Amino acid sequence: MPITQAPSPFIGVIMLDTRFFRPAGDIGQPLTFERAGIPARFHRVARATARRVVLCTSHDLLHPFMEAAQTLEQQGAALITTSCGFLARYQSELQAAVKVPVISSSLLQCQHLERPGIVTFDAASLKADVLEGAGVPPGTPVCGLQPGCLLQTAILQDWPSMDLQQTCADVVEASLRLLKLHPDVEQIVLECTNMPPYREAIMRATGRQVLDLETMLLQQWTQMLHQHG
């Protein structure tokens with residue numbers, strides 16, 4: 001009887017239903033994982049638009065996201081993540097739905113940092129349920145993109161292209177504004193999974209350590225390989 005080889009483990013990414021442009025570093029861009037040598041598989045949740053997930057606080061998408069996590073686990077995912085930091089509101093439900101680790105959002109790392117500050121896609125929508133879902137310490141400073149800036153508009157309106165120089169400037173501006181308001185912040189945590197491409201520019205502009213979902217996943221994957229190696 002032939003020996004059946006177990007499928008190689010991979011990171012499973014629960015994707016929103018979007019088409020906007022994603023440069024390398026974005027969690028929804030396959031090159032982000034390919035350049036790190038990490039196998040990844042993507043599962044899109046129908047009708048889960050960026051506008052619906054960010055601006056709407058209803059829980060009607062919870063079950064489709066849970067089903068997506070279960071599908072990825074059945075396919076062999078060793079770790080599951082998402083393409084929107086606001087899904088931290090579902091962290092406990094997503095983790096309960098599967099046996100493998102779930103990292104719903106980069107916000108999860110705030111609880112382990114000394115003086116974190118958050119740069120988010122939309123400060124007005126980053127409500128208590130999202131922060132509490134990620135275990136963010138109360139009083140952690142938050143600063144959002146300027147409402148109506150290019151990056152926010154391009155994602156909410158699902159544009160297929162965008163000016164990356166301007167979107168980088170949008171995120172750097174929010175990071176500098178965070179430090180102006182809260183100069184004691186030592187680590188800048190990027191909530192948005194579309195912001196990692198601008199990490200180096202933020203570090204140069206602020207002189208602070210910058211953490212995001214890409215850096216978190218790379219660290220977690222490396223630890224998993226060591227543990228099972």
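Here are five worked exercises on a predicted model.

## Exercise 1: Two sheets

**Task.** Work out in which order the strands of the open sheet with parallel pairing that contains strand 1 are arranged, and which strands stand at its edges.

*Solution.*
- Step 1: Start with the order. This open sheet has 4 strands, lined up as 2-1-3-4, and the pairing is parallel.
- Step 2: Now look for strands that pair on one side only. Those are strand 2 (40-44) and strand 4, the edge strands.
- Step 3: Zoom in on one pair. Strand 3 and strand 4 run parallel and are joined by 2 bridges.
- Step 4: Add a helix. Helix 3 (residues 62-75) lies across strand 1 (10-15), strand 2 and strand 3, and makes about 160 degrees with strand 1.

**Task.** Now do it for the open sheet that contains strand 5: what is the strand order, and why is one side of strand 6 left without a neighbour?

*Solution.*
- Step 1: Read off the order, which is 6-5-7-8 for these 4 strands, again with parallel pairing.
- Step 2: Check the ends. Strand 6 (142-144) and strand 8 (209-211) are the edges; each has a single partner strand, so one side of each has no neighbour in the sheet.
- Step 3: Think about the twist. Ignoring direction, neighbouring strands here are turned by 25 degrees against each other on average.
- Step 4: Look at one pairing. Strand 5 (residues 116-120) and strand 6 run parallel, with 3 bridges joining them, and Thr120 sits opposite Gly144 of strand 6.
- Step 5: Put a helix on top. Helix 7 (residues 164-181) packs on this sheet and touches strand 5, strand 6 and strand 7 (187-190), with its direction at about 150 degrees to that of strand 6.

## Exercise 2: A closer look at helix 7

**Task.** Check whether the length of helix 7 agrees or disagrees with 1.5 Å a residue.

*Solution.*
- Step 1: Take the 18 residues of helix 7; at 1.5 Å a residue they should span 26 Å, counting one step less than the number of residues.
- Step 2: Compare with the model. The end C-alpha atoms are 26 Å apart, so the two agree.

**Task.** Find which residues of helix 7 are buried and what covers them.

*Solution.*
- Step 1: List the buried residues: Thr167, Cys168, Asp170, Val171, Val172, Ala174, Ser175, Leu178 and Leu179.
- Step 2: Recall some helix geometry. An α-helix has 3.6 residues a turn, so residues three or four places apart point the same way.
- Step 3: See what lies over the buried residues. The cover includes strand 5, strand 6, helix 6 (150-156), strand 7 and helix 8.
- Step 4: Don't forget the N-terminal end. Asp163 caps it, with a side-chain oxygen 3.0 Å from the backbone nitrogen of Gln165.

## Exercise 3: A salt bridge across the chain

**Task.** Explain why the pair Glu186 and Arg115 ties together parts that are apart in sequence.

*Solution.*
- Step 1: Start from the idea. Side chains of opposite charge can pair when their charged atoms come close.
- Step 2: Find the pair. The side chains of Glu186 and Arg115 form a salt bridge, 3.0 Å from N to O, and the structure holds 9 salt bridges.
- Step 3: Place both ends. Glu186 is in the loop between helix 7 and strand 7, while Arg115 is in the loop between strand 4 (102-103) and strand 5, so the bridge ties parts 71 residues apart in sequence.
- Step 4: Check the surroundings. Glu186 is partly exposed at 35% relative accessibility, and Arg115 is partly exposed too, at 43%.

## Exercise 4: A salt-bridge network

**Task.** Work out which residues are linked with Arg199 in a network of salt bridges, and whether Arg199 is buried or exposed.

*Solution.*
- Step 1: Take one partner. Arg199 and Asp212 form a salt bridge, with the closest N and O atoms 2.7 Å apart.
- Step 2: Place that pair. Arg199 is in helix 8 (residues 199-206) and Asp212 is in the loop between strand 8 and helix 9 (213-228), 13 residues apart.
- Step 3: Take another partner. Arg199 also forms a salt bridge with Glu214, where the closest N and O atoms are 2.5 Å apart. Glu214 is in helix 9, 15 residues from Arg199.
- Step 4: Complete the network: Arg35, Arg199, Asp212 and Glu214.
- Step 5: Use the cut-off for buried, which is under 20% relative accessible area. Arg199 has 13%, so Arg199 is buried. Asp212 at 0% is buried, and so is Glu214 at 6%.

## Exercise 5: Around Thr81

**Task.** Describe where Thr81 is and what the side chain of Thr81 reaches.

*Solution.*
- Step 1: Locate Thr81 in strand 3 (residues 77-82). Thr81 is buried, with a relative accessible area of 0%.
- Step 2: Find the bridge partner of Thr81 in strand 4, which is Ile103.
- Step 3: Follow the side chain of Thr81 to the backbone oxygen of Ile103, at 2.8 Å.
- Step 4: Leaving out residues up to four places away in sequence, note what Thr81 touches, including Ile11, Val13, Ile27 and Leu217.

How values were computed:
Residues numbered from 1 in each chain as written. Predicted model: local features only at pLDDT ≥ 70, side-chain atom pairs only at ≥ 80, totals over all residues. Heavy atoms only, no water. Pairing = 2+ DSSP bridges. Axes fitted to C-alpha atoms, helices over the stretch in contact; angles between N-to-C directions. Contact = heavy atoms within 4.5 Å. Salt bridge = Lys/Arg side-chain N within 4 Å of Asp/Glu carboxyl O. Buried < 20%, exposed > 50% of the residue type's maximum accessible area, 1.4 Å probe, protein only. Polar contact = N/O pair within 3.5 Å; in protein donor to acceptor, adjacent residues only side chain to side chain.
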